[in-house]
Amino acid sequence: MTILKAQGLTKRYGNHAAVKDFDLHLRERECIALLGPNGAGKTTTLHMLAGLIPPTAGVILSDNKILNRDTIGFLPQHPAFFDWMYPLEYLLLAGTLSGMTKRTIKERSLQVLEMTGLLEARKQKIGSFSGGMKQRLGLAQAIMHEPKILLLDEPVSALDPAGRIDVMNILEELKKDKAILFSTHVLHDAEQICDRALIMKSGQSVSYENIKEWRGNQSSERYRLETSVSLPIEGLQNLYEEIDIREPKLIVGTLRDKVTPNMLLQQCIRQDIGIRYFGAEEKTLEEHYIEVIEG
Amino acid sequence: MKKFNALFHKEWTEAWREKKLVWLPAVILLVTLLQPISLYFMPAILENSNNLPSGAVIELPIPSGNEVLAGTLSQFHTIGTAIIVLACMNVIVQERNNGSLMQLFSRPVHTGTYIFSKWTMLVLLHLGAFTISYGAAWYYTNILFSDVSFSSVWKSCVIYCLWIVLIITVTLFVGTFLRRSGGVAGISILIAASIAILSNIVPDIAIYLPSELLNLSTELLNKNDGNTHIGAVLTTTVVLIVLLLLTMIKQFEKSVKF
């Protein structure tokens, strides 16, 4: 079932179209990454989906009905709070505005603080929080009212590596019962937890990648060979169908018909080339992303 | 209503934690008390200033209590108006610029609820501070000068309060248009000043203009009788406040809030 559907979403500022004819189908319990260079319109798209700015054209539906704002949890790119507040006070305000009752708010706010690892910091004012803590609190307020859909604008870009892994783990957990759409520049993360990736370029969605499907039929024909000395290419070239010399000591390529990886290795041993790494090379989202953006 | 209460409560907590709840009434109290007290000590102050030739005799007529209170109001009208504008200029601008407004509005909140929660809080805070200060000024006037009747004091207070509400509304209104607090303060004071200038340029319509509120309340103190055109001013002011509030909500809703 499509829990969030956008059709022909367009946003114009004067003559400039920030987002053009954008389509999206987000199914239940699905995780989609929104990729693209800066200024591609990711944030504008998320703002439209969150109902913060009205689209110039297009419709946003949920189960073929008009979207109810209560079912959405939104995390802006730079979460901003009231510095004089305590975390629990902010969650109380947020919960009340989302129509929760006082009792559920009390239970739920401790729960989300625990989930985001802020339970220890609940006696501190938000003004004293670090950037990473604010990001976590932003995530806490987004999931506070148990929305079915989570829209996250670069949830990890302000975090240190440990914080990034934490947030990714939380998202992995949330994925079990929520649909998640998040924009990111960290392609590795997108690859890890998303089912699909949507690449945007100058306001348009240019490519829909099905990461799961991709992983299934990874062609294992490409091999990566790293050696300790520069490779004498001439001796190896006749084994390769296609060869990509990335560095003198690193080549990636597909082997010719009837040439097995073992034959390549034997060739190396015969020439007394020290091998540091040999393995099947999977096409990464990063490579694909660069192809799409530059192509 | 629940949402309004939550936002309203937030405004008060904010005012308390940022100590606006302390400094604003204190400043207003200072401005209002200055007039009766400095008038009382004026002869002593003049005597002690040493740039008078020796043997100079100063004879100041002792003003009546009514005149002193009227002076208090005129004094407050200039300085107090500026203080109110400065206290209100940041209210929307700050939240909009730092992004907390956007985060708030990612939830189903009506623009009107948001604006009214701010407006109501500011109005109550300022009117409370003014009433207490005016009451204190009245108390000192009664002690230091002659008695002023309570009935004329409270009438003038109520009428002048309308001016304060108008200034708050104008400042919030400008705040929904501009993104810089300095600009908000400048334009708001400009609007207040141009109302006063307009009443000087076109005296025919002066009785309808809100700037007449000050004259009305001082007149009430001096004469203590109902004025004929009191209804006209009250109507235009209230209509103006309501119009500003409605336009502000409309404009805030459709313009880019963030």
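How far apart do the end C-alpha atoms of residues 153–178 of chain B lie, and how much of the span is helix? In this predicted model, the two ends are 38 Å apart, and the span is 88% helix and 0% strand. The stretch is one of those that UniProt, in an unreviewed entry, lists for chain B under "transmembrane region"; the full list in that entry is 21–42, 73–93, 114–141, 153–178, 185–209 and 229–249. Another of these stretches, residues 73–93 of chain B, is 81% helix and 0% strand, with 30 Å between its end C-alpha atoms.

Chain B also offers a backbone detail to look at. Lys19(B) sits in the loop that links helix 1 (2–17) to helix 2 (20–40) of chain B. Its phi is near 65 degrees, a positive value in a residue that is not glycine. Most residues other than glycine have a negative phi. Lys19(B) counts as exposed because 10 other C-beta atoms lie within 10 Å, and the cut-off for that class is 12 or fewer.

Chain A shows a comparable case in Glu146(A), whose phi is positive and near 45 degrees although the residue is not glycine. Glu146(A) belongs to the loop between helix 4 (131–143) and strand 7 (149–153) of chain A. With 16 other C-beta atoms within 10 Å, Glu146(A) is partly exposed.

Turning to chain A as a whole, its secondary structure amounts to ten helices and 14 strands. The C-alpha atoms of chain A occupy a box of roughly 75 × 45 × 35 Å along the principal axes. Of the 295 residues in chain A, 35% are buried. Among the contacts in chain A between residues at least 6 apart in sequence, 67% link residues at least 24 apart.

Chain A is divided into two domains, with domain 1 covering 2–216 and domain 2 covering 222–294. The centres of domain 1 and domain 2 of chain A, taken over C-alpha atoms, are separated by 40 Å. Where the two domains touch, domain 1 of chain A contributes twelve residues and domain 2 of chain A contributes seven residues. On the side of domain 1 of chain A, helix 6 (187–193), strand 9 (196–201) and strand 10 (204–210) are the elements that each give two or more residues. By residue type, that side of domain 1 of chain A holds eight nonpolar, one polar and three charged residues.

Further along chain A, four strands form an open sheet in the order 12-13-11-14, with antiparallel pairing. Strand 12 (240–247) and strand 14 (275–280) of chain A are the edges: each has a single partner strand, so one side of each lacks a neighbour in the sheet. On average, neighbouring strands of this sheet are turned by 15 degrees against each other, direction ignored. Strand 11 (residues 222–227) and strand 14 of chain A run antiparallel and are joined by five bridges. Within this pairing, Leu225(A) has Phe278(A) in strand 14 as its bridge partner.

Finally, the two chains meet in a contact that draws 17 residues from chain A and 18 residues from chain B. On the chain A side, helix 2 (residues 87–97) gives the most, with four residues. The chain A residues that touch chain B comprise twelve nonpolar, three polar and two charged.

Methods. Residues are numbered from 1 along each chain as its sequence is written. Chains are lettered from A and ligands numbered from 1 in the order in which they are written. This is a predicted model: local features need pLDDT of at least 70, side-chain atom pairs count only at pLDDT 80 or more; totals for chains, interfaces and linings use all residues. Two strands pair if DSSP finds at least two bridges between them. Axes are lines fitted to C-alpha atoms, for helices over the stretch in contact, and angles run from 0 to 180 degrees between N-to-C directions. A residue is buried if 20 or more other C-beta atoms lie within 10 Å of its own, exposed if 12 or fewer, and partly exposed in between; C-beta atoms are placed from the backbone. Ala, Val, Leu, Ile, Met, Phe, Trp, Tyr, Cys and Pro count as nonpolar, Asp, Glu, Lys and Arg as charged, and the others, Gly among them, as polar. UniProt positions are given in the numbering used here, feature names are shortened, and annotations may be inferred rather than shown by experiment. Domain bounds come from an automatic or database domain assignment.
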